[in-house]
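Biologist: Please show me the model. I would like to ask how its labels are earned.

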Amino acid sequence: MMRFKIVTSPHVLQNTSVGQVMRRVLYAMIPGVAALIGFFGWGVLVNLVLATAVALLAETVMLAVRGRRLALHLSDFSAVVTAWLLAVALPPLAPWWLTTLGVMAAIVVAKHLYGGLGYNPFNPAMVGYVVLLTSFPREMSAWLIPHGLYQPQALTFLETLRTIFSGEWPARFALDALTGATPLDALRTQIGLGLTVAEIRNSPVFGFVAGQGWEWAALGFLAGGLWLVYTRTADWRIPTGMLGGLAVIATVFYLIDPQHYAPPWFHVWSGAALFGAFFIATDPVTASTTPYGRLIYGVGVGILVYIIRGFGGYPDGVAFAVLLMNIAAPSIDLCTQPRVFGARRG
Amino acid sequence: MSRLFPFHGGLKTVRHKTESNRQPIQPGPLPRRLTVPLRQHIGAIAKALVQVGDSVLKGQMIGQADGYISAAVHAPTSGVVVAVDTRPVPHPSGLPDLCVVIDSDGENRWIERQPVVYRALHPSELRNILRNAGIVGLGGAAFPSAVKLNLSGQDQHLETLILNGAECEPWITCDDRLMRERAAGIIAGLHVMVHLLEPREVLIGIEDDKPEAIAAMSEMCAGTGYAVRSVPTRYPSGSVKQLVKLLTGKETPVEGLPIDVGVQCFNVATAYTIHRAIDHGEPVISRVVTVTGHVSRPGNLDALLGTPFAELIEQCGGYREKVERLIMGGPMMGFALHSDEVPLTKAANCILAASAEELTPTRPVAPCIRCGACVEVCPANLLPQQLYWHARAKEFDKAQDYHLFSCIECGCCSAVCPSHIPLVQYYRYAKNEIWAQEKEKQKAELARQRHQARLERLEREKQEREAKLRQKSPARTAKAEDSGAGGKLDIQTAVAQAKPQPLSLIPSHEGTGESEGEKTDQSLGKQDV
């Protein structure tokens with residue numbers, strides 16, 4: 001007689017893991033990140049590496065403090081994803097302490113103090129970003145002009161490192177020669193000065209559709225994002241809802257007054273819209289989980305982004321919009337439960 | 001091709017059908033000793049008709065259907081009854097059950113077999129014949145078929161009769177082989193069902209990974225008006241409610257049965273056993289079972305019920321190395337067995353010997369990241385991650401708000417969970433807890449009623465006594481009346497004395513011992529449905 005182990009069904013499972021999901025998110029970011037590096041220089045890469053190192057360290061310490069299994073939780077790559085999402089959103093020459101502080105706020109406070117992966121109500125990377133944006137607005141708005149990596153105006157890798165870690169700008173450049181307003185910032189301040197959208201868009205900071213350089217990064221994130229949707233790593237409903245919501249409300253205002261309001265394609269292609277739609281709003285832990293709920297959640301983010309951009313105090317609004325919708329997610333879930341098989345329709 | 005109505009969710013699973021479906025069905029062994037459980041179906045256990053020492057013939061009834069939802073059990077071969085006692089049986093509970101143990105005389109001597117001319121019979125007579133032939137659903141649920149073949153309680157006409165040949169679980173091929181080789185018998189059995197149910201249409205659903213079976217069945221259906229429908233290979237299309245939806249577009253109501261939407265569904269193997277019973281006078285004493293996985297010669301056996309699994313495995317060349325798990329049923333919904341010393345039953349469609357090669361290695365459980373992969377695949381359209389959340393927190397009422405009992409335990413959610421959470425296990429746990437609580441509530445209610453009845457009885461007796469006394473001596477009664485409500489006082493005393501008793505009537509220790517057995521029965525019964 002043979003004796004056997006008792007394990008409950010199902011006995012055959014699919015080959016999937018949290019680590020795999022998170023790694024796919026990282027792969028999908030590569031095209032956009034490459035474009036950012038190409039246009040904004042080595043600082044983007046330095047930020048990424050620094051943020052990853054700090055995130056892993058903070059994650060390890062917090063897991064140890066909370067008595068969790070290090071190997072299991074470190075191999076889920078969730079801390080790395082948080083680090084990358086935040087790093088991509090920082091100015092390329094952000095001083096090292098800014099990056100470190102943001103990552104700490106994300107991993108220690110927003111993630112682990114709220115119970116760790118799966119329990120945090122707010123998107124950790126966006127909490128880190130908002131903490132920095134509200135505490136250090138000057139440092140956070142020092143965006144580089146997208147000169148391109150191999151232009152003479154570009155910083156070398158060593159110059160970049162020195163700038164980030166010493167805080168001193170290389171002597172051969174004036175600060176103004178390197179940094180400038182982001183396209184959304186330019187649009188915002190110049191509309192305030194009474195210029196029309198068409199006039200503003202003649203400025204060299206703008207490219208074909210949106211900001212020069214920026215639009216290529218956005219294209220990279222769109223490509224990676226579509227791959228995430230294709231592999232079902234991200235739910236199509238969230239980016240569709242968010243970009244759809246943003247496009248619709250932008251169209252409405254554009255039709256009302258095209259002189260004052262930028263066209264919808266500019267909004268969809270600008271700032272963090274595409275990146276946010278595919279990589280930030282889709283964070284499953286903090287988003288809505290029901291199918292309809294995800295669509296509504298996405299639309300909510302899209303509309304809030306437009307409101308903050310157009311009428312709020314910040315040039316871009318993805319981070320705030322996502323955090324605001326994070327608050328709403330549980331209520332959305334409650335109201336959008338799917339009709340169970342066999343339940344009455346209506 | 002007629003229109004199909006896809007159900008939500010489901011999975012493309014591994015198939016592993018070719019291991020066992022390339023060889024014809026082989027006859028199973030004739031074991032020296034057969035252990036025949038008296039409960040191989042949902043419902044009341046059959047009443048034993050034999051005693052130790054009795055000689056039995058092949059096909060002789062040894063257990064009688066006890067009550068409406070029950071089924072008869074027969075001797076699979078001729079021989080001598082050597083024991084009637086509890087033995088290990090293949091059941092998710094792992095609990096032993098009452099069995100008739102027969103030592104075979106090796107002669108396979110049949111009872112007198114009487115084919116039935118069913119068209120001449122009254123439907124209830126015909127159903128009785130099927131009941132006495134031990135016909136139950138052979139798809140795995142083993143629900144007594146005679147009950148489902150009786151529509152007299154229904155006010156409406158049967159719209160659709162569905163024959164389920166989907167066989168969506170990986171590894172299992174017994175229905176596939178049966179349809180290829182014995183399509184004529186299946187259709188003959190189907191005729192009997194049609195005669196009893198008079199449906200408006202008859203549909204036969206088969207997954208499209210079985211082209212030979214579809215061809216064989218289509219050929220047999222020519223000119224009958226029965227329609228074979230090829231359905232996409234997508235687990236769990238063979239689950240009754242999903243197949244009904246797929247073929248008719250009708251959704252079985254929550255907590256309802258297909259008959260509520262005018263549909264009745266049977267497994268193809270069940271139809272075949274009806275054919276054997278009616279056209280050959282043979283009760284259910286054998287079934288086709290797939291023996292597959294890590295065995296030397298996987299295949300399908302037409303084996304006698306009561307044959308030990310070990311002998312079926314032996315017939316298929318024995319285990320290959322390092323078999324870790326023995327599963328009855330498929331890998332998605334089947335349950336693991338402690339040992340192979342359990343007998344073949346009507347519910348056993350597959351024996352899967354699994355080694356590390358066939359199984360997914362156990363992986364550590366990570367926190368739920370609410371990714372919603374489970375929502376995408378749930379054929380019941382539930383929110384598995386919410387169910388899990390509440391089941392884990394033991395918030396059973398909230399789990400019920402999220403329709404816990406609509407869960408068919410198909411395992412799709414567990415299979416796709418990136419956090420490797422054993423979701424189905426949590427749902428089973430929650431269901432069992434809820435059933436146990438309901439059982440407790442019923443017990444308490446019963447105890448309360450008993451107590452109430454006792455008080456009433458005491459009062460009645462008291463009054464009767466007093467009435468008698470009054471009749472005997474009017475003088476004393478008058479005196480009692482003078483002294484005030486003596487009778488009432490007595491009743492109050494009786495009430496006061498009785499009061500602590502309800503507590504002792506619902507003693508937790510006494511109650512749990514009893515309820516544990518019952519709890520398991522009920523929960524398991526429901527699970528099978």
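The talk below sets labels against their cut-offs.

Modeller: This is a predicted model, where local features need pLDDT of at least 70, side-chain atom pairs count only at pLDDT 80 or more, and totals for chains, interfaces and linings use all residues. Residues are numbered from 1 along each chain as its sequence is written, while chains are lettered from A and ligands numbered from 1 in the order in which they are written.

Biologist: At what angle do helix H13 (residues 237–256) and helix H15 (residues 273–280) of chain A pack?

Modeller: About 155°, with the axes 8 Å apart. Axes are lines fitted to C-alpha atoms, for helices over the stretch in contact, and angles run from 0 to 180 degrees between N-to-C directions.

Biologist: Why is H13(A) called roughly antiparallel to H15(A)?

Modeller: Angles over 145 degrees count as roughly antiparallel (under 35 is roughly parallel, 65 to 115 roughly perpendicular, the rest oblique). The angle is about 155°, so H13(A) is roughly antiparallel to H15(A).

Biologist: What makes E15(B) largely enclosed by the rest of the structure?

Modeller: A residue is buried if 20 or more other C-beta atoms, placed from the backbone, lie within 10 Å of its own (exposed if 12 or fewer, partly exposed in between). In E15(B), 5 of the 6 residues are buried, so the strand is largely enclosed.

Biologist: How do you know that E15(B) and E16(B) pair?

Modeller: Two strands pair if DSSP finds at least two bridges between them. E15(B) and E16(B) have 3, in the antiparallel sense. Leu326(B) stands opposite Leu337(B) there. With E17(B), E15(B) has 5 bridges, also antiparallel.

Definitions and conventions: Helix = DSSP H or I, 4+ residues; strand = E, 2+ residues; numbered from the N terminus.
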